[in-house]
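This report describes selected features of one protein model, proceeding from its strands to its aromatic residues and then to single positions.

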Amino acid sequence: MTQFYDELENRSEDQRAADLSRELPKQITRAVQTSGFGSTLPDVEAETITSVESLAALPVLRKAELGRSQAENPPFGGFTAKPAHAFAHIFQSPGPIYEPGGVEHDWWRMGRFLHAAGIGQGDIVQNCFGYHLTPAGMIFESGARAVGAAVLPAGTGQTELQVTAARDIGSTAYAGTPDYLKVILDKAEEMGVKLNFTKAAVGGGALFPSLRQEYADRGILCLQSYATADLGNIAYESPAQEGMIVDEHVIVEIVTPGTGTPVAPGEVGEVVVTSLNPDYPLIRFATGDLSAIMPGQSPCGRTNLRIKGWMGRADQTTKIKGMFVRPEQVAALVAKHSEIVKARVIATRQGEMDAMTVRIEADGGDDAVYGKTVAEVLKLKGAIEIVPPGSLPKDGLVIEDQRVYD
C-alpha cells in the first residue's frame, strides 16, 4: 500500500480544483504586486483566475524575457516577492540567469520525489549534484532533509574518492545525473569495492531505459524527477514508473511551442508552469521542454495530473551531461575565432554516457585551441572536428541531438 508524502497526493479531482480556486488568485495577486509582473499583467483581475483554463488568458513568460529583465533590474528582474538580501541563497545558471533559494522546509519541494523513491530516515544520500553557483545540489539536499535522510555533499568528479566515501559511510542512495552513478559503480567494481546503493533519485538529463535496467540488475531502484533551477520540482516518477506525476504546488500546461495556446489532451507541446511558491511567483513560465499529458491516474494511487516526461526541446537548447547548451553559446564560440565560419554541436551517446562533438567549419585551425574555447564557452568538454568551409548543412541547426529516447 502506498505511503503518501502528505494528504495532498491523493486528493479527489474536485478537492484539488477547489483548493486551486482558492490558492491561484492569491498567487496571481502576489505576482501582480511585483515590478516584473506588474508591467506585463497590469490589468489582470486576480479573483477571476481560479483554474488552469483561466490561466490561458495570461501571457507566457519566457526565459529570454526573464534574462532581459534581470539585466535591467538585477538580480531577479523584479519577479520575486521579496528583495535579494531576504533569500538564503542566490544562484547563477548559464545565461547568466539568477535564481533565488530558501532554506525553509522543502523550499524546492524535492522531498515529495525522494519520498516516492523510497528515501527517508535511515538513508544516507550521496548527493552528486553540483553545489557551485547552480542550485541542483541544494535542491536535492533540501529534499533529503525534508524526508529525514543524511547527506554526503559529494558534488561531481574525484570518482575514486566518491567510491571510498560511499563505502566508508555506507551511502544507501544516490542523487545526481543518470549516468554518473554508472561511473561510480564501474569504478567501485574496478577497485574491488562493494557499495550499498539500493535507491537512486536522478535528474538533469534523460534516464535511458537500458541504463535504468542496468541499475535494476545491480539491485538499485532508479527513479527520475523533472525540475528546473527556476521552479524546483515540477514532476516526478513513482515506483509505478508510468509517466511523471505533477508536483502538488505547481500547475502544468502543455501549449503549442512558441505560443500560450493549450494543445489538445495527449498532444505533444511545450511545458508551461505556474509556481505556487509565494516567494517566487512565476506565472506561466515557459520551460522550453516538450511533453504531453497522460490520461488517467497513476497506479500508485497519486491522483494528480501526469505527463509523459521530457520529450525534447521546443527550441534547439539541449541538455548534455546535465548542462544546457544554448544556441547563443554556439554563436559566442564562433565569435571567439575570426576564422570560424560556423559551428554545430552534436549530442550523441557513447555506451550509457552523453557525448558531445563540436564540428567547426573553418579553413584550418588548432583542435587544442578550439577545444579550450569550447570548454570555456559551453562549460563542457567535447570532441573537436574541423571541417572545410561549406561542409555543414544549411538547415539552420546549430545544436543537433542525435540521441534516441525510446
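Two strands are said to pair if DSSP finds at least two bridges between them. Helices (H or I, at least four residues) and strands (E, at least two) are DSSP runs, numbered from the N terminus. The model is predicted, and local features need pLDDT of at least 70, side-chain atom pairs count only at pLDDT 80 or more, and totals for chains, interfaces and linings use all residues. Residues are numbered from 1 along each chain as its sequence is written, and side-chain values use heavy atoms, with hydrogens and water left out.

**The open sheet**

An open sheet of 9 strands, with mixed pairing, follows the order E5-E4-E6-E7-E8-E9-E10-E15-E14. Its edge strands are E5 (150–153) and E14 (293–294), each of which pairs on one side only. Strands of a sheet pair through backbone hydrogen bonds, either parallel or antiparallel.

Strand E4 (residues 124–127) is joined to E6 by 3 bridges in the parallel sense, and valine 125 has alanine 173 of E6 as its bridge partner. On to strand E7 (residues 199–202), E6 makes 4 bridges, and these two strands also run parallel. In that pairing tyrosine 174 stands opposite alanine 200 of E7. E6, helix H8 (residues 180–191) and E7 together make a right-handed β-α-β unit; right-handed here means that, with the strands pointing away from the viewer, the path from the first strand over the helix to the second runs clockwise.

Within E6 (residues 173–176), Ala173 and Ala175 point one way while Tyr174 and Gly176 point the other way, and all are buried. Buried means under 20% relative accessible area, exposed over 50%, and partly exposed in between (1.4 Å probe, protein chains only).

At the E14 edge, strand E15 (residues 306–307) is joined to E14 by 2 bridges, and the two run antiparallel. Isoleucine 293 has isoleucine 307 of E15 as its bridge partner.

**The hairpin and the aromatic cluster**

Strands E2 and E3 form a hairpin with 3 residues between them, and glycine 95 in the turn has a positive phi of about 150°. The two strands run antiparallel and share 5 bridges, with histidine 89 partnered by glycine 101 in E3. Because 4 of its 5 residues are buried, E3 is largely enclosed by the rest of the structure.

A search of the whole structure finds 7 aromatic pairs. Rings of Phe, Tyr and Trp (its six-membered ring) pair if their centres lie within 6.5 Å; planes under 30 degrees apart count as stacked, over 60 as edge-to-face and the rest as tilted. Two of the edge-to-face pairs involve tryptophan 107, as tabulated here.

| Aromatic pair | Centre to centre | Angle between planes |
|---|---|---|
| Phenylalanine 87 and tryptophan 107 | 6.3 Å | 85° |
| Tryptophan 107 and tryptophan 108 | 5.2 Å | 80° |

The pair of phenylalanine 87 and tryptophan 107 links distant parts of the chain, 20 residues apart: phenylalanine 87 lies in the loop between helix H4 (63–72) and strand E2 (89–93), and tryptophan 107 in the loop between strand E3 (97–101) and helix H5 (111–116). Phenylalanine 87 is buried at a relative accessible area of 8%, and tryptophan 107 is buried at 9%. Tryptophan 108 is buried as well. Phe76, Phe87, Phe91, Trp107 and Trp108 form one aromatic cluster.

The charged end of lysine 82 sits over the ring of phenylalanine 87, 4.9 Å from its centre. A charge sits over a ring if NZ of Lys or CZ of Arg is within 6 Å of the ring centre and within 35 degrees of the ring normal.

**Helix H10 and its surroundings**

In helix H10 (residues 327–335), Gln329, Val330, Leu333 and Val334 are buried. These buried residues fall within an arc of 145° seen down the helix axis, so they line one face of H10; the arc is that of the directions from the helix axis to the C-beta atoms. Glu328 and Ala335, on the other side of H10, are exposed. The elements covering the buried residues of H10 include strands E17 (323–325), E18 (340–350), E19 (353–362) and E21 (399–401), and helix H11 (367–378).

Proline 327 belongs to H10 and is partly exposed, with a relative accessible area of 26%. Leaving aside neighbours within four places in sequence, proline 327 is in contact (heavy atoms within 4.5 Å) with Gln316, Thr317, Val398 and Ile399.

**Phenylalanine 285**

Phenylalanine 285 is found in strand E13 (residues 285–291) and is buried at 1% relative accessibility. Beyond its neighbours within four places in sequence, phenylalanine 285 has contacts that include Leu61, Leu66, Leu231 and Val272.
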